Each structure stands twice: as C-alpha cells, then as structure tokens.
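Welcome! Below is a small set of exercises, each with a worked solution. Take a look at the structure, try each task yourself, and then read on.

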Amino acid sequence: AEGGLVWTKARVDNSYDEHALADTERGIYKELWSNSDAAETSHVQRVTSFNSNGYSLGTSARYNTNNDDYVSWSFRKAKGFFDVVTYTGNGTAGRTVSHNLGCVPGFIAIKCTSDADHWCCYHKSRGGTKFIALDLSNAESTNSNGFNDTTPTSTEVTLGISGRCNGNGRTYIMYLFA
C-alpha cells in the first residue's frame with residue numbers, strides 16, 4: 001500500500017545487461033533502465049504485480065529464466081528512507097517539485113519517461129550546483145540547469161531548465177533517497 005521501486009539486474013553473462021526499474025507510481029508494466037537514456041517502455045511479462053509482501057514476476061528472460069541468477073533491490077516509500085514522485089516539466093528555472101521524504105534527500109535520480117534523455121542526479125556531497133548522469137561515465141556538470149544551484153529541502157526539490165529534469169511538457173519520475 002505504501003508503494004515503491006523494484007530494481008532488477010541479471011547476474012549472468014548474457015545479452016540482458018540492463019538494470020531494469022519498475023515502480024508503483026508509473027504502474028506494473030512500465031520500465032526504465034538506469035544504464036540507458038531510453039524513454040519508458042512497457043513490458044507485460046516482467047514485473048506483473050506489486051503485492052503487500054513484495055512483487056510478482058512474469059516469464060520474461062530478463063527477469064525470470066530458469067537456472068539464471070538475478071539480483072533485485074526493493075525500496076518501499078517511507079519517510080526518512082525513500083520516496084517516488086512523478087511530474088510534468090515546465091521548462092522554467094526555479095520550478096519546485098514537492099516530495100514526502102520528510103528529510104533533506106541525500107541522493108535524487110530523475111529520469112524523463114516520455115523522451116530519450118540522460119538521467120539527472122543530485123548527491124548531497126556535490127551540492128545543488130552540480131548534477132551527474134547515472135547512465136554515463138562523464139564527470140559531473142557544474143551549472144544551474146539541473147538543480148538551479150539550490151540544495152533540496154525536506155519538502156521540495158528545485159529544478160533548472162535542463163531537459164533531463166524539467167523540459168516543457170515532458171513527463172518525469174523522481175526517486176528520492178534519504
């Protein structure tokens with residue numbers, strides 16, 4: 001009932017090298033990859049339900065092949081631990097997005113779900129003047145386009161104008177970790 005995120009990765013050496021993310025805010029058949037700039041996709045045989053005691057898998061080879069090993073991390077929405085927020089960008093610097101984490105986030109990962117674009121991530125050790133891409137090996141970017149040179153608060157995140165996190169009319173998912 002709280003909602004959350006399931007992050008799954010095949011541990012075998014095969015063609016399934018993506019880190020697949022499914023969350024309760026976008027629904028059971030929606031998927032993103034932390035190591036890709038691809039927009040959200042839909043798959044019916046991967047995560048098939050979110051349950052009160054975990055989640056259920058379908059028969060997709062990327063998640064559930066006989067004799068293959070997988071690793072999965074589950075994050076339940078809870079104050080002081082984790083939150084998930086969806087929003088539509090407006091392309092305006094200084095735009096704020098509210099969250100229910102109940103504390104200042106330590107790490108934030110934002111992904112555009114409607115368009116292909118790189119991840120926009122904040123880490124408290126880098127501050128609001130920098131952002132990094134989860135799916136690239138590039139160094140951090142130092143400009144106000146990501147988080148508008150503003151440190152997140154216990155109730156909201158301030159965004160810049162980057163299409164990675166606030167493009168006009170684009171849809172986004174934001175994962176917030178305490």
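## Exercise 1: Two residues in a loop

Asp149 is placed in the loop between E13 and E14. This is a predicted model, and the tasks below all rest on it.

**Task.** Describe the backbone and the exposure of Asp149, and then do the same for Asn148.

**Solution.**
- Step 1: Begin with the backbone of Asp149. Its phi is near 55 degrees, a positive value in a residue other than glycine.
- Step 2: Turn to exposure. Asp149 has a relative accessible area of 45%. Buried means under 20% and exposed means over 50%, so Asp149 counts as partly exposed.
- Step 3: Move to Asn148, found in the loop between strand E13 (141-142) and E14. Asn148 is not a glycine, and yet its phi is positive, at about 55 degrees.
- Step 4: Asn148 has a relative accessible area of 22% and is partly exposed.

## Exercise 2: A residue in strand E14

**Task.** Find out whether Thr158 is buried or exposed, and which residues it touches.

**Solution.**
- Step 1: Locate the residue. Thr158 sits in strand E14.
- Step 2: Check the accessibility. With a relative accessible area of 11%, Thr158 is buried.
- Step 3: List the contacts, leaving out residues up to four places away in sequence. Thr158 touches Gly94, Arg95, Thr96, Gly146, Phe147, Asn148 and Thr150. Asn148, from the first exercise, is one of these.
- Step 4: Add a distance. From C-alpha to C-alpha, Thr158 and Ser42 are 29 Å apart in space, and 116 residues separate them in sequence.

## Exercise 3: A serine before the helix

**Task.** Where does Ser162 lie, and what does its side chain meet?

**Solution.**
- Step 1: Ser162 belongs to the loop between strand E14 (156-159) and helix H1 (163-166).
- Step 2: Its relative accessible area is 13%, and Ser162 is buried.
- Step 3: A polar atom of the Ser162 side chain lies 3.1 Å from the backbone nitrogen of Arg164.
- Step 4: Setting aside neighbours within four places in sequence, Ser162 is in contact with Asn145, Gly146, Gly167 and Tyr172.

## Exercise 4: Looking for disulfides

**Task.** How many disulfides does the structure hold, and why is Cys120 not bonded to Cys165?

**Solution.**
- Step 1: Count them. The structure holds zero disulfides.
- Step 2: Look at Cys120. The closest cysteine sulfur to its own is that of Cys165, 3.5 Å away. A disulfide needs the two sulfur atoms within 2.5 Å, so this pair is too far apart for a bond.
- Step 3: Check the surroundings. Cys120 is buried, at 0% relative accessibility, and Cys165 is also buried, at 0%.

## Exercise 5: Charged pairs

**Task.** How many salt bridges are there, and which parts of the chain do the pairs of Glu25 and Asp117 link?

**Solution.**
- Step 1: Recall the principle. Side chains of opposite charge can pair when their charged atoms come close.
- Step 2: Take the total. The count comes to nine salt bridges.
- Step 3: Follow Glu25. Its side chain meets that of Lys77 in a salt bridge, 3.0 Å from N to O. Glu25 is in the loop between strand E2 (19-23) and strand E3 (30-33), while Lys77 is in the loop between strand E7 (70-76) and strand E8 (82-88), so the pair links distant parts of the chain, 52 residues apart. Glu25 is partly exposed, at 34% relative accessibility.
- Step 4: Stay with Lys77. It also forms a salt bridge with Asp83, with the closest N and O atoms 3.9 Å apart. Asp83 is buried, at a relative accessible area of 3%.
- Step 5: Follow Asp117. Asp117 and Arg170 form a salt bridge in which the closest N and O atoms are 2.8 Å apart. Asp117 lies in the loop between strand E10 (107-112) and strand E11 (120-123), and Arg170 in the loop between H1 and strand E15 (171-177), so the pair ties together parts that are 53 residues apart in sequence.
- Step 6: Finish with a network of salt bridges, which links Asp23, Arg26 and Glu40.

## Exercise 6: The whole chain

**Task.** Which helices and strands does the chain have, and how compact is it?

**Solution.**
- Step 1: The chain has one helix and 15 strands.
- Step 2: Its radius of gyration is 16 Å, close to the 16 Å that the globule rule gives for 178 residues, so the chain is as compact as a globular protein of that length.
- Step 3: Of the 178 residues, 41% count as buried.

Technical notes. Residues numbered from 1 in each chain as written. Predicted model: local features only at pLDDT ≥ 70, side-chain atom pairs only at ≥ 80, totals over all residues. Heavy atoms only, no water. Buried < 20%, exposed > 50% of the residue type's maximum accessible area, 1.4 Å probe, protein only. Helix = DSSP H or I, 4+ residues; strand = E, 2+ residues; numbered from the N terminus. Polar contact = N/O pair within 3.5 Å; in protein donor to acceptor, adjacent residues only side chain to side chain. Contact = heavy atoms within 4.5 Å. Rg over C-alpha atoms; globule rule 2.2 N^0.38 Å. Salt bridge = Lys/Arg side-chain N within 4 Å of Asp/Glu carboxyl O.
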